[in-house]
Structure formats: C-alpha cells, structure tokens
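Student: I'm new to this one, so could you pick a single part and take a close look at it with me? Please start with any term I'll need, and then connect that part to what lies around it.

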Amino acid sequence: MLQAIRRAMLIGMLVWISGAGVVAAFGAGWPLEEPSTTLCAYAEEYVRSDGSTAVHTGVDIAADEGQAILAIEAGTVTFAGRVPGSDGGTVLAVTVETATGDRWSYLPLAEAPVATGDAVEVGARLGSAAASGDASCPSSHVHVGLRRGDRYIDPTQLLVAPAVAP
C-alpha cells in the first residue's frame, strides 16, 4: 500500500512545464538527455509546402543537430531506415516495439547505429537529430510518434522529462 502511494505521488510530481506547454509524465522515458520544448504538438494542424493541411501524428521536441536521440521505452527495433517525408523526399527513422506492442517512432535522424532486431533499453542511443526538420517544424527536432495497434495516440501521455536543476 505504501509503495502504491509513493508511486502515485511520484507520478503526480513528474509533470514538466516548458514555455511551450505541459508534458504529463506517466511512466516512460524522454528522447533527449535534457528537457526541451515542444515545437509541434500532437494533433496540431500544419501546412505542407504544397499548401495542403495535415494533422500531426506525434510530437516534435526541439533538439540540436547531432544531439543523441534516446529510446523512451525498452523494446526491439522493428524498423531502422528511410521513410517518406512530409514534404517529399525521405527521412531516416527508427521504430521500437515494446513488450506491450506499443510502437515508438523517432525521426528525422542524421544517423542510426541500430538495426532491425536489436534489443534496446530505456535511454539507449537510437541515433542523432538531423540538421533540419520537416513540414510540421522546419528547425532541428525529434518527432516522436506512438502507435497502439493501428491508432496513433498522444505520446506526451507517457513521456517523462528529466528533472530540471534548480
């Protein structure tokens, strides 16, 4: 019982407030070694270069070019390679499937030292942030997407940002 109360208190305390919004923390990791701001939120509409609108299926978190991108949850790499970008062309992406079947995707990456079939732990290095973004956010960032079955869900429900030094 005491352990359950401590866990509930910890979950309540693990809410990170950035200048761009609130990221609720419920039990996974964070894709960077330090806190960062949200540049494009889940379900936010954005305009592609062709003028069409799209709905964002993940969250874009500011990351400097070359910054290490880390696994949010432990699992198995089910994909590491190029995928179509939102503005044509392709971007490098990594997908990790957890024991519960959730699939976390990370992109655009400059490089990815992991391969399909690799087991990764929370905080394992999956790659590094690319120099630029995409249609949803032109600056360097990591897009984090989360799918359960065939449905995208808001990844911020599970993200735990690292503590900010006082």
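Tutor: The term you'll need is "strand": here a strand is a DSSP run of E with at least two residues, and strands are numbered from the N terminus. Keep in mind that the model you're looking at is predicted.

Let's look at strand S10, which covers 103–111. Find proline 108, which sits in strand S10. The peptide bond leading into proline 108 from leucine 107 is cis, and its omega is near -15 degrees.

Now slide along to glutamate 111, also in strand S10. What does glutamate 111 form a salt bridge with? The partner is arginine 125, and the closest N and O atoms of the two are 2.4 Å apart. Side chains of opposite charge can pair when their charged atoms come close. Arginine 125 belongs to strand S12 (residues 125–129), so to speak a distant part of the chain from glutamate 111, with the two positions 14 residues apart. Is either of these side chains fully tucked away or fully out in the open? Glutamate 111 has a relative accessible area of 27%, so it counts as partly exposed. Arginine 125 comes out at 39%, and therefore it is partly exposed too.

Next, step into the loop between strand S9 (90–97) and strand S10, where you'll find aspartate 102. The side chain of aspartate 102 meets that of arginine 148 in a salt bridge, at 2.8 Å from N to O. Arginine 148 is in strand S13 (residues 141–148), and this pair is 46 residues apart, again linking distant parts of the chain. Is aspartate 102 buried or exposed? Buried means under 20% relative accessible area, and aspartate 102 has 6%, so it is buried. Arginine 148 has 37%, so it is partly exposed.

The count of salt bridges comes to three, so there's one left to visit. That one joins aspartate 150 and arginine 147, whose side chains meet at 3.7 Å, N to O. Aspartate 150 is exposed because its relative accessible area is 72%, whereas arginine 147, at 24%, counts as partly exposed.

While we're looking at charges, there's also a patch of negative charge on the surface, where Glu33, Glu34, Asp64 and Glu65 gather. Take glutamate 33, which lies in the loop between strand S2 (21–24) and strand S3 (38–40). With 61% relative accessibility, glutamate 33 counts as exposed. The C-alpha atoms of glutamate 33 and alanine 161 are separated by 8.9 Å, although these residues are 128 apart along the chain. Alanine 161 belongs to the segment after strand S14 (151–153), and at 13% relative accessibility it counts as buried.

One last stop is alanine 80, in strand S8 (residues 75–84). Which residues does alanine 80 touch, leaving out those up to four places away in sequence? They are Ala93, Val94, Val114, Ala115 and Thr116. Alanine 115 is 35 residues away in sequence, yet its C-alpha lies 5.6 Å from that of alanine 80. Alanine 80 has 29% relative accessibility, so it counts as partly exposed.

Terms used:
Residues are numbered from 1 along each chain as its sequence is written. This is a predicted model: local features need pLDDT of at least 70, side-chain atom pairs count only at pLDDT 80 or more; totals for chains, interfaces and linings use all residues. Side-chain values use heavy atoms; hydrogens and water are left out. Patches are made of residues with over 30% relative accessible area and no salt bridge: like charges are joined within 9 Å, nonpolar side chains (Val, Leu, Ile, Met, Phe, Trp, Tyr) within 5 Å. Accessible areas come from the Shrake-Rupley method with a 1.4 Å probe; for residues, only the protein chains shown count as cover. A salt bridge is a side-chain nitrogen of Lys or Arg within 4 Å of a carboxyl oxygen of Asp or Glu. Lys and Arg count as positive and Asp and Glu as negative; His and the chain ends are not counted. The place of a charge is taken as NZ of Lys, CZ of Arg, CG of Asp or CD of Glu. Helices (H or I, at least four residues) and strands (E, at least two) are DSSP runs, numbered from the N terminus. Buried means under 20% relative accessible area, exposed over 50%, partly exposed in between (1.4 Å probe, protein chains only). Contact means heavy atoms within 4.5 Å.
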